[in-house]
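User: Hi, I have a protein chain open and I'm new to this. Can you walk me through it?

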Amino acid sequence: CYSLFFPLAFFAVNNRAWAVRITRYCVYSGAALAVLMLLQRATGSELWLGQLWRNINGTWVAYVGGDDYGAITASSMMGLLAYAILEKEYRAFHLVSIFLCLLALAANGARSAVVSAALTGAVIFFVLSGRYRRIFFVFCAMLVGAIFAGATLPETIPGVREVHNFMLGLSSAIGGSSDMDTQFRIVRWHDAVATWLTGPVFGVGYGRDILHRALIGYSIEQKFNLGMPHNTYLFVLARMGLFGMGLIGLAMMLG
């Protein structure tokens, strides 16, 4: 899907006005997803989002949806934050949507989404200047403060349990605790690096496994991908080496 979507989007979105409009639609779609996630958590009904269980320090904790939902919500939250700072129009709507995204992110518990939000915030902070940069810093401090303040409240208050679960996941990651999700990736990254080092310049191509055969499931993935390391950069390095990574880096800089 990626190989088709991005080239088609490049040719279809041929002016700035359309790019701005579609970006806004994407940001708002993440806020809509956040509402669905919160509705599923509040009602306990299945809204086709699924439920993810994580073993954190020996305790199984339920979160709404998978990590992809968290990534979408976090991206929308940071986009809405930029809108709220730079635009007076619909500011109240944007602020409410930011709060809903924050709650949905806590209900989802994706630690990678928190990292992506932090990195996105760093980019926005670098791009802004003057009073906008100061306002953005205050907004981010308020978001972080809201999470930590919520973690001190009793779970009898609606929404606080999700914040407690979220903080539990973050603390386990910061403390170096190894859970199933972490082990899943570390094992695959280790194999991907070992594969890349057998052909560091041009990689091993597309006819050889990236991962050890025992890690590859008997599915369509085995036939076409031969195992994904769940890291885009390691995937490129293993398949195409430094040469392929250089080509992608060049395209990013020219884009």
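Analyst: Sure. First, a definition: helices and strands here are DSSP runs, at least four residues for a helix and at least two for a strand, numbered from the N terminus. Also, this is a predicted model.

User: OK. How many helices and strands does the protein chain have?

Analyst: The protein chain has 10 helices and 2 strands. Along the sequence, the pattern runs α-α-β-β-α-α-α-α-α-α-α-α.

User: And what share of the residues is buried?

Analyst: Of the 255 residues in the protein chain, 34% are buried. Buried means under 20% relative accessible area.

User: What about the outside?

Analyst: The chain exposes about 15700 Å². Carbon and sulfur atoms supply 71% of that.

User: Which residues touch the most other members in the largest nonpolar core?

Analyst: That core has 34 residues. M77, M78, L80, L81, I98 and F136 touch the most other members. Two or more residues come from each of α2 (16-43), α3 (67-86), α4, α5 (111-127), α6 and α7 (160-174). The most come from α3, which gives 9 residues.

User: Is there a general reason for such a cluster?

Analyst: In soluble globular proteins, nonpolar side chains tend to be buried together.

User: Pick one member. What does M78 touch?

Analyst: Leaving out residues up to four places away in sequence, M78 touches A117, T120, G121, I124 and F136. There is also a second, separate core of 8 residues, including L234 and F235.

User: F136 came up twice. Which residues are buried in α6?

Analyst: F136, L143, I147 and G150 are buried in α6. Seen down the helix axis, the buried residues fall within an arc of 80 degrees, so they line one face of α6.

User: Which exposed residues sit on the face turned away?

Analyst: R134, F137 and M142 are the exposed residues there.

User: What length should α6 have?

Analyst: Helix α6 covers residues 130-151, which is 22 residues. At 1.5 Å a residue, α6 should span 32 Å. The end C-alpha atoms are 33 Å apart, which agrees.

User: New topic: H94. Where is it, and is it buried or exposed?

Analyst: H94 is in helix α4 (residues 91-108). H94 is buried, because its relative accessible area is 0% and buried means under 20%.

User: Which side chain makes a polar contact with the H94 side chain?

Analyst: The side chain of Y28 does, at 2.8 Å. Beyond residues up to four places away in sequence, H94 touches R24, Y28, L80, Y83, A84, E87 and E89.

Note on methods. Residues are numbered from 1 along each chain as its sequence is written. This is a predicted model: local features need pLDDT of at least 70, side-chain atom pairs count only at pLDDT 80 or more; totals for chains, interfaces and linings use all residues. Side-chain values use heavy atoms; hydrogens and water are left out. Buried means under 20% relative accessible area, exposed over 50%, partly exposed in between (1.4 Å probe, protein chains only). A polar contact is a pair of N or O atoms within 3.5 Å; within protein, one must be able to donate a hydrogen and the other to accept it, and residues adjacent in sequence count only if both atoms are side-chain atoms. Contact means heavy atoms within 4.5 Å. The expected span of a helix is 1.5 Å times one less than its number of residues. The arc is that of the directions from the helix axis to the C-beta atoms. Accessible areas come from the Shrake-Rupley method with a 1.4 Å probe; for residues, only the protein chains shown count as cover. A nonpolar core is a set of buried Ala, Val, Leu, Ile, Met, Phe, Trp, Tyr and Cys residues joined through side-chain atoms within 4.5 Å.
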